Every structure is written in structure tokens, then in C-alpha cells.
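Here's a quick briefing to read alongside the structure. Have a look at the fold first, then work through the notes below.

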Amino acid sequence: MASTVSGPPRRPREPGGGGPQAGKRKRRGPGRSRGARAPGLLGRLHWKAVLVALVALMIAGAMLGPKLLVVRSVRVAGNGDAVPASQVLAVAHVTHGQPLIWVNTGAIAHRVAQLRQVQSAQVSRDWPATIVITIQLRKPLFALPVHGGYALVDAFGVNVRDATSRPPGLPLLTVNTDSGTLRGSPAVRAAAGVLAELPPQVARKVRGVTTGGPNDVSVKLADGAIVVWGGAERGSIKAAELQLLMRRPARVYDVSGAGTAVTEG
């Protein structure tokens, strides 16, 4: 007799298929995958790495900063041809290798301003390693006769430089005061103020300026005529009165008196 060998009886399939464990499995929602939470974890790791790098940079900066941010060069601006950069650097005394933050910019500016051609100086830091010295040069306004030539004087009475001949365009300056020095002289300042107030067409004709003080300034023109200006007050009014007076040729134009403008000759 033939015999038949069979395996254990099969359990009936659960409705819907999948066997006996199918009911225990959770269905994944639409679009959901096993790696859905990975970006959040990577993001946290990224920010931790950034924070670690920043801390490392701060520590390195604290340790190496004074060695890195030091003076390595000095730049001079505004000096033109009047003052060599080497002369400015010689009086500036900037210490190379010094931390830039420790540089006393005010002291450097003060030393540079002692040069007679320099009216003012400004010193700034150009990070990471440069000091910039910017100077404003004095501008000669007058030629003052001295032994052997002329002293070229600015509006503050400073002798900017010496010359053997009078440069074209600079009027001769005559100072009738007892002051021993012209530097800071109110008389010279008054003369400079009058030149600034003169009408342009008159200023171009000026050949000499005489000053005895803040209220005593007169101007000599190319044709020999004299303009008696007086003090610095009412400058624009005096300029307008002078233009009216000069419509008639005269030897003297006097606008020094308030409300009175006269001519002579």
C-alpha cells in the first residue's frame, strides 16, 4: 500500500493576507520612510561642529591676535611734493611690530603737525596691519620780504618756506605791528580774511596787503590804487560797495566806515 507523507496542517490565512503577524505591523503613512528623521539629526550635528569651530577660532584669536594684528606698514597721504614721505615718517616715530590697537594715534598726529609745512595731521588704523597718516598742507598766501629773499607766509602767519624771488600771484605783505613773531598774529589773520572777502575780479589785481591789526587792513592793486578795507566785519557789504565804487576810476577806495563808502583822487 502506498503511503503518503504530508507536513503539518496549514493554518488558515488571516483575512487580508499576511499571516498571523500581519495584524501587529504598523502601517507607514504616505510618503514616510525609514530615514525620515535623519535630517534633524544631521542638522544638530552640523551646528555642534560650527560651535566647536567658532570656539576654536576665538581661542586662536585670543592667543595669536596680538601677534597677527601688528603694525607692518605706514602710509602717508596728502603730502604731495611739498613734504617727502620720508620726512613725515621720520618725525612720526611709528613702531613697527607694535599691536595696532596700542598705537597712540593722537601722539603721532601731534608730532607730524610740528612740521612747518603741515597745517594739520590725522592718523588712523587700516586693519589689519597699516597706519595711515593724512596731512593737510599749509598754503602760502603772502610773500614777506626778508634778507636775501622772501618768506612765504600762510593765513596763520607761519613761514611755510623761503624763496629767492616772489612767486607770481602772491601779494607782498607789510605788517605794521610791534609783535616779535608772525605765527598766530591777529594782524596776519585779518589780512587773510580780507583777501577771502574781496570780489574775485579785484582779488586777482592785488599786489600788496598792509595790516596794522584786525581793524586796519588795506590793499594795493596792480594799477596803484588803494582799497582801505578796515576790519573784517561787514565783509559781503564792503565787497558790494567796492564794486560800485570801482565803476569810477580813483586813487583810493575807502569802504572801512559803516554806511559810508568814498573815493579819493
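How many helices and strands make up the secondary structure of the protein chain? The tally is six helices and 12 strands. Bear in mind that this is a predicted model.

**Overall picture**

- The protein chain runs to 265 residues, and 31% of them count as buried.
- Take the contacts in the chain with a separation of 6 or more: 46% of them involve residues 24 or more positions apart.
- The accessible surface adds up to about 17500 Å², with carbon and sulfur atoms supplying 57% of that.

**The nonpolar patch**

- Leu68, Leu69, Ile101, Trp102 and Trp127 make a nonpolar patch on the surface, about 590 Å² in area.
- One of its members, tryptophan 102, sits in the loop between α2 (85-92) and α3 (105-112).
- Is tryptophan 102 buried or exposed? It comes out at a relative accessible area of 61%, and exposed means over 50%, so tryptophan 102 counts as exposed.

**Salt bridges**

There are four salt bridges in the structure, and three are worth a closer look here, going pair by pair.

*Arginine 75 and aspartate 126*

- These two side chains meet in a salt bridge, at 3.6 Å from N to O.
- Arginine 75 belongs to strand β1 (residues 73-77) and aspartate 126 to strand β2 (residues 118-126), so the pair ties together parts 51 residues apart in sequence.
- Both ends are partly exposed: arginine 75 has 41% relative accessibility, and aspartate 126 has 33%.

*Aspartate 154 and arginine 138*

- Here the closest N and O atoms of the salt bridge are 2.8 Å apart.
- Each partner comes from a loop: aspartate 154 from the one between β5 (149-153) and β6 (159-163), arginine 138 from the one between β3 (130-137) and β4 (142-146). The pair therefore ties together parts that are 16 residues apart in sequence.
- Aspartate 154 and arginine 138 are both buried.

*Lysine 238 and glutamate 233*

- Lysine 238 pairs up with glutamate 233 in a salt bridge, with 3.6 Å between the closest N and O atoms.
- What is the relative accessibility of lysine 238? The value is 0%, so lysine 238 counts as buried.
- Glutamate 233, on the other hand, is partly exposed, at 39% relative accessibility.

Key:
Residues numbered from 1 in each chain as written. Predicted model: local features only at pLDDT ≥ 70, side-chain atom pairs only at ≥ 80, totals over all residues. Heavy atoms only, no water. Patch = residues over 30% accessible without salt bridge, like charges linked within 9 Å, V, L, I, M, F, W, Y side chains within 5 Å. Areas by Shrake-Rupley, 256 points an atom, 1.4 Å probe, with all protein chains shown as cover. Helix = DSSP H or I, 4+ residues; strand = E, 2+ residues; numbered from the N terminus. Buried < 20%, exposed > 50% of the residue type's maximum accessible area, 1.4 Å probe, protein only. Contact = heavy atoms within 4.5 Å.
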